[in-house]
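Trainee: I am new to this structure and would like a close look at a single part of it. Could you pick one helix and walk me through its surroundings?

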Amino acid sequence: MNKKIVATGALLGMIAIILGAFGAHALKKVLTPEQLISFETGVRYQMYQAFFLFFLATQNDIQEKTKRIIYRLNLFGIVYFSGSIYLLSTTRITGIDFKPIGFITPIGGLLLIVAWGILGYSILKTRK
C-alpha cells in the first residue's frame, strides 16, 4: 500500500507543477485575476495533498485498512476539490458552464478535512 500511496503522491505533485506552470504562463493571458487565483488555489491544495500522501506512507503504526481509507478520502477529496476548481475557473475559455458541479468543491474539501482528521486521530491513538 505504501508504494501505491507514494506513487499517487508523486503523480499528484507532478500534475500540480504542470498545472501551476500552465496557469502562470498560458492561463494568465486568458483568465481574469479572480479566476487565476481560484485556479492557483486548486494547484496549491493539490500539492499540499501530494505531500500529505508522502507523510501517510511513512506512518508504519497506522493499520493498512485505515491507510486505505485515508488514501481514498484524500484522492477523491483532491479530485472533487481541485478538479472542480480547475473546471470552474476555466469556464470562460472552455465555453462550458461548470457551475452545476460547484457543489462538489465543498464536498471535496470535507473529504480532505476528514482524511486529515482520521490521520491525526490514528497517530494519537497509536503513539504512546
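Mentor: Happy to! Let us take helix α3, residues 64-89, which supplies the largest share of a nonpolar surface patch, namely 3 residues. The patch as a whole is formed by Phe76, Val79, Tyr80, Phe103 and Ile107, and together these residues have about 480 Å² of accessible area. Please keep in mind that you are looking at a predicted model.

Before we zoom in, here is the setting. The chain contains 5 helices and 0 strands, so its pattern along the sequence reads α-α-α-α-α. Its C-alpha trace spans about 50 × 25 × 20 Å along the principal axes. Of the 128 residues in the chain, 38% are buried. The accessible surface comes to about 7600 Å², and carbon and sulfur atoms account for 70% of that. If you take the contacts between residues at least 6 apart in sequence, 78% of them join residues at least 24 apart.

Now let us go along α3, beginning with a patch residue. Phe76 sits in this helix, and it counts as partly exposed because its relative accessibility is 45%.

The next residue to find is Gly77, also in α3. Gly77 is buried, because its relative accessible area is 0%. Setting aside neighbours within four places in sequence, Gly77 is in contact with Ser82, Gly108, Leu111 and Leu112. For a sense of distance, try Pro33: Gly77 and Pro33 are 44 residues apart in sequence, and their C-alpha atoms are 25 Å apart in space.

Ile78 is another residue of α3. With a relative accessibility of 3%, Ile78 counts as buried. Not counting residues up to four places away, Ile78 touches Leu12, Tyr45, Gln46, Gln49, Gly83 and Leu112. The C-alpha atoms of Ile78 and Gly20 are separated by 15 Å, with their positions 58 residues apart along the chain.

Look next at Asn74, which has its place in α3 too. Asn74 counts as buried, since its relative accessibility is 0%. Beyond four places in sequence, its contacts are Gln49, Phe52, Leu53, Leu112 and Ala115. Leu53 is worth following from here: with neighbours within four places left aside, Leu53 is in contact with Ile5, Thr8, Gly9, Leu12, Tyr71 and Asn74.

That brings us to the nonpolar cores. The largest nonpolar core has 19 residues, and Ile5, Phe52, Leu53, Leu56, Ile70 and Leu119 have the most contacts inside it. The elements giving two or more residues to this core are α1 (2-25), α2, α3 and α5. The biggest contribution, 6 residues, is that of α3. There is also a second, separate core of 7 residues, and Leu27, Leu31, Phe39 and Tyr86 are among them.

To finish the picture, turn to two helices whose buried residues are covered in part by α3. One of them is α5, where Thr105, Gly108, Gly109, Leu111, Leu112, Ala115, Leu119, Ser122 and Ile123 are buried. The cover over these residues includes α2 (33-58) and α3. Helix α5 covers residues 104-126, and at 1.5 Å a residue its 23 residues should span 33 Å; the C-alpha atoms at its ends are 33 Å apart, which agrees. Gly117 is found in α5 as well, but at 42% relative accessibility Gly117 counts as partly exposed. Gly117 and Ile70 are 47 residues apart in sequence, while their C-alpha atoms are 9.2 Å apart in space.

The other helix is α1, whose buried residues are Ile5, Thr8, Gly9, Leu12, Gly13, Ala16 and Gly23. What covers them includes α2 and α3. Helix α1 has 24 residues and reaches 35 Å from its first C-alpha to its last, close to the 34 Å expected at 1.5 Å a residue.

When you return to the viewer, start with Phe76, partly exposed at 45% relative accessibility, then go to Gly77, buried at 0%. From there, follow the contacts of Gly77 to Gly108, Leu111 and Leu112, which are among the buried residues of α5.

Methods. Residues numbered from 1 in each chain as written. Predicted model: local features only at pLDDT ≥ 70, side-chain atom pairs only at ≥ 80, totals over all residues. Heavy atoms only, no water. Patch = residues over 30% accessible without salt bridge, like charges linked within 9 Å, V, L, I, M, F, W, Y side chains within 5 Å. Areas by Shrake-Rupley, 256 points an atom, 1.4 Å probe, with all protein chains shown as cover. Salt bridge = Lys/Arg side-chain N within 4 Å of Asp/Glu carboxyl O. Helix = DSSP H or I, 4+ residues; strand = E, 2+ residues; numbered from the N terminus. Buried < 20%, exposed > 50% of the residue type's maximum accessible area, 1.4 Å probe, protein only. Expected span 1.5 Å × (residues − 1). Contact = heavy atoms within 4.5 Å. Core = buried A, V, L, I, M, F, W, Y, C linked by side-chain atoms within 4.5 Å.
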